[in-house]
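Grab a pencil and get ready to work through a protein fold one step at a time. Try each task yourself before you read its solution.

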Amino acid sequence: MRNSWSLKEDLVVCKFYLTNTNTWKSRIDTLMVELIKAGFGSRDKSAVIMRVQNYAYLHTGCGLSNASNQSQTIYKLVVNGKM
């Protein structure tokens, strides 16, 4: 069974990506620590990388038409300064 992402967890990942757009790959361990501190320590690294890549695709406009509604909503809110 797929483990869904909480809104707060997605928000942490989105904000991390947007503040580290060019360096996120080398800073993924920093994000893992941020998620643990926020109470989301259950994710494995590969799942977190895939989630960050979702935001990278949304940000660059390179597709990902199958991104979840939640990811798209979080991204739009953060980019528009509403979160």
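Here are three short exercises on this predicted model, each with a worked solution.

**Exercise 1. Describe the fold and decide how compact the protein is.**

Step 1: Count the elements. You should get four helices and zero strands.
Step 2: Read along the sequence, and the pattern comes out as α-α-α-α.
Step 3: Check the size. The radius of gyration is 12 Å, close to the 12 Å that the globule rule gives for 83 residues, so the protein is as compact as a globular protein of that length.
Step 4: Add the dimensions: the C-alpha trace spans about 30 × 30 × 25 Å along its principal axes.

**Exercise 2. Find out which helices build the largest nonpolar core.**

Step 1: Start with the core itself, which has 22 residues. Those with the most contacts inside it are Val13, Leu31, Leu35, Val48, Val52 and Tyr55.
Step 2: Look for elements giving two or more residues to this core: they are α1 (7-19), α2 (28-37), α3 (45-60) and α4 (69-79).
Step 3: Pick the top contributor. That's α1, which gives the most, with six residues.
Step 4: Zoom in on Leu35. Skip its neighbours within four places in sequence, and Leu35 is in contact with Glu9, Val12, Val13, Phe40, Gly41 and Val48.

**Exercise 3. Take stock of the inside, the surface and the charges.**

Step 1: Buried residues make up 34% of the 83 residues.
Step 2: Now the outside: the accessible surface comes to about 5,300 Å², and 52% of that belongs to carbon and sulfur atoms.
Step 3: Finish with the 11 positive and 5 negative charges, whose mean positions lie 7 Å apart.

Note on methods. Residues are numbered from 1 along each chain as its sequence is written. This is a predicted model: local features need pLDDT of at least 70, side-chain atom pairs count only at pLDDT 80 or more; totals for chains, interfaces and linings use all residues. Side-chain values use heavy atoms; hydrogens and water are left out. A nonpolar core is a set of buried Ala, Val, Leu, Ile, Met, Phe, Trp, Tyr and Cys residues joined through side-chain atoms within 4.5 Å. Buried means under 20% relative accessible area, exposed over 50%, partly exposed in between (1.4 Å probe, protein chains only). Contact means heavy atoms within 4.5 Å. The radius of gyration is taken over C-alpha atoms; the globule rule is 2.2 Å times the number of residues to the power 0.38. Accessible areas come from the Shrake-Rupley method with a 1.4 Å probe; for residues, only the protein chains shown count as cover. Lys and Arg count as positive and Asp and Glu as negative; His and the chain ends are not counted. The place of a charge is taken as NZ of Lys, CZ of Arg, CG of Asp or CD of Glu.
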